[in-house]
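Got the structure open in your viewer? Let's walk through it together, one selection at a time.

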Amino acid sequence: MNQEINVNEYISAVSDILVKRNTKPRACVRSFGCQLNFSDGEKIKGMLVKMGCEMAEKEENADIVIYNTCAVRENAEDRVFGNLGFLKHYKEKNPEMIIGLCGCMASLEHVTRKLKNSYRFVDIVFSPSALDRLPKLLLEKLSGSRYAFDTNEYNMSSEGLYQERDSSFKASVPIMFGCNNFCTYCIVPYVRGRERSRKPENIIQEVEKLVQNGYKEIMLLGQNVNSYGKDLAESVDFPELLQRINEIDGDFVVRFMSSHPKDAGKKLIDTIINCGKIGKHLHLPVQSGSNDILDKMNRRYTVEKYLETIDYARSFIPDFSFTTDIIVGFPNESEEDFEKTLSLMKRVKYDNIYSFIYSKRSGTKAAEIEDMVSDEEKGKRMTRLLSLQREISTESYKRFIGRTMRVLVDGKSKTEGYMTGKSNEFVIVEFEGDKSLVGSFVNVKITDAKNWAVTGVII
């Protein structure tokens, strides 16, 4: 569907109602899951602020509560339903409270059915592609409707929405929505729809404005950023988009995620290496080191193909920084399959990994597989994997000792008197300093390495 609405008209109509009621509602938006979800949450906050709401930190202090949900794992879904139970108690104390649920869970038919049958105190439900319908749904609710639901799929409904950003120096910029890959363990294509790329001129305009407003880190987001542009009339791919952003005037660093290995070719690596504002780091989710498991996951690349990208990057920069995602215990993963994953980790020497024990997700192909591997065995494998990665990281981070790294300062470290930030290579760096440095670039000479970060002194 591609039915457009005038968002500002509905924002104005809701604002008028609130003015007449002489109220300034407090709103709380709670986002779960991936960075795309948190970016959506900033847009939801932006619309609420424009409608005249004040933001509240806690649900119990709010008149409007929006849960922006994640559906990647079933336990995340269960947790949201548990949290909704607490909201019911708050609503009993404040009957005028409006409760909304959006995000990926709202695209699942069994969820909306459960909400209507068992969670009738939830007032508003809308899908990820229906973000700009929030003011319309709020207007319906404020005008007397019992429920206001819109779980349809729209094309580019969030384009141009104002974002109430959580940071004054780091900004996320979605460049596309949806996914066409249909990995057998993943629910995302079913809840976020097919791939839809934003127009490059809109992305460039947004980044230019952010840089002009002092933002130092631009994080480009998409389920698979390497597929960017395939659905556009204009012939522009992701490396070309990166090159255009790199040409924008200003002092900032560009990062992106996620990058699918089947589409991460030499052109992408060349662009990262040759563009000064692109972070010298690539998050390249491998998921498994076994070709048999990769085939069952429908990842559409082999370990050999994956390593071609690694080796090509390191032919230019021998210690180029890579991070990855790994799933432990995919249905019927054998000990041999798992050992191949450990071998790949030793071969690549990732700076960091994001590892997960496989979680069955209803509605995906993998959920239909009868799994013969016990939870106990999966837990043991995860322990072994994490132990190996600690060894690799401890040794790998030593390569930075003696070097000077450019670091964007994020905030205070847990170590008293120290600050923390991320380098151009996306490595955590700790150093002595104070909060006046937050949001600025500093040069840090590295003096020591840990298994999760490096430490140094400002020069």
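Select Phe81, Tyr119 and Phe121 to begin: ring pairs link these three into a cluster. Keep in mind as you look around that this is a predicted model. How many aromatic pairs does a search of the whole structure find? The search turns up 11. For a look at one of them, pick Phe182 and Tyr190: their ring centres are 5.4 Å apart and their planes meet at 80°, so this pair is edge-to-face. Phe182 has a relative accessibility of 30%, so it counts as partly exposed. Tyr190 is partly exposed too, with a relative accessible area of 40%.

**Helix H1**

Now go to residues 7-20, which make up helix H1. Try your distance tool on the C-alpha atoms at its two ends: they are 20 Å apart. That agrees with the span to be expected, because 14 residues at 1.5 Å a residue should cover 20 Å.

Next, colour the buried residues of H1, which are Val7, Ile11, Val14 and Leu18. Where do they sit around the axis? They cover an arc of only 70°, so they lie on the same side of H1. Show what they pack against, and you'll bring up helix H2 (35-50) and helix H5 (134-142). Then spin the view to the face of H1 turned away from that buried side, where you'll meet the exposed residues Glu9, Val19 and Lys20.

Don't leave without checking both ends. At the N-terminal end, Asn6 acts as a cap: one of its side-chain oxygens lies 3.2 Å from the backbone nitrogen of Asn8. Following H1 comes Asn22, which has a positive phi, near 55°.

**Helix H2**

You've already brought up H2 as a packing partner of H1, so select it next. Its end C-alpha atoms are 23 Å apart, which agrees with the 22 Å that its 16 residues should span at 1.5 Å a residue. How many residues of H2 are buried? The count is 12 of the 16, so H2 is largely enclosed by the rest of the structure. Among those buried residues are Leu36, Ile44, Met47 and Leu48, along with Asp40, Glu42 and Lys43. Just after H2, click on Gly52 to find a positive phi of about 105°.

**Ser172 and Leu232**

From here, jump to strand E7 (residues 170-174) and pick out Ser172. Is Ser172 buried or exposed? With a relative accessible area of 13%, Ser172 is buried. Leaving out residues up to four places away in sequence, the residues Ser172 touches include Ser39 and Glu42, which are both on the list of buried residues in H2. Light up the others as well: Ser172 also touches Gln163, Arg165, Glu206, Met219 and Leu221.

Then move to Leu232, in the loop between strand E10 (217-221) and helix H8 (238-246). Setting aside neighbours within four places in sequence, Leu232 is in contact with Ser197, Arg198 and Pro200. Along the chain, Leu232 and Pro200 are 32 residues apart, while their C-alpha atoms are separated by 9.3 Å.

**Strands E15, E16, E18 and E19**

For the last stop, select strand E15 (residues 404-412) and strand E16 (residues 418-423), which run antiparallel and are joined by 5 bridges. One place to look is Gly411, whose bridge partner in E16 is Thr420. E15 and E16 form a hairpin with 5 residues between them, and Gly417 in the turn has a positive phi of about 85°.

E15 also pairs with strand E18 (residues 441-449), again in the antiparallel sense and over 5 bridges. Which residues in E18 are the bridge partners of Met405 and Arg406? Met405 is matched with Val444, and Arg406 with Asn443.

Now add strand E19 (residues 454-458): E18 pairs with it in the antiparallel sense over 5 bridges. E18 and E19 form a hairpin with 4 residues between them. Centre the view on Val444 to finish, since this residue ties the two pairings together: Val444 is the bridge partner of Met405 and also stands opposite Ile458 in E19.

Conventions:
Residues are numbered from 1 along each chain as its sequence is written. Side-chain values use heavy atoms; hydrogens and water are left out. The expected span of a helix is 1.5 Å times one less than its number of residues. Buried means under 20% relative accessible area, exposed over 50%, partly exposed in between (1.4 Å probe, protein chains only). The arc is that of the directions from the helix axis to the C-beta atoms. Contact means heavy atoms within 4.5 Å. A polar contact is a pair of N or O atoms within 3.5 Å; within protein, one must be able to donate a hydrogen and the other to accept it, and residues adjacent in sequence count only if both atoms are side-chain atoms. Two strands pair if DSSP finds at least two bridges between them. Rings of Phe, Tyr and Trp (its six-membered ring) pair if their centres lie within 6.5 Å; planes under 30 degrees apart count as stacked, over 60 as edge-to-face and the rest as tilted.
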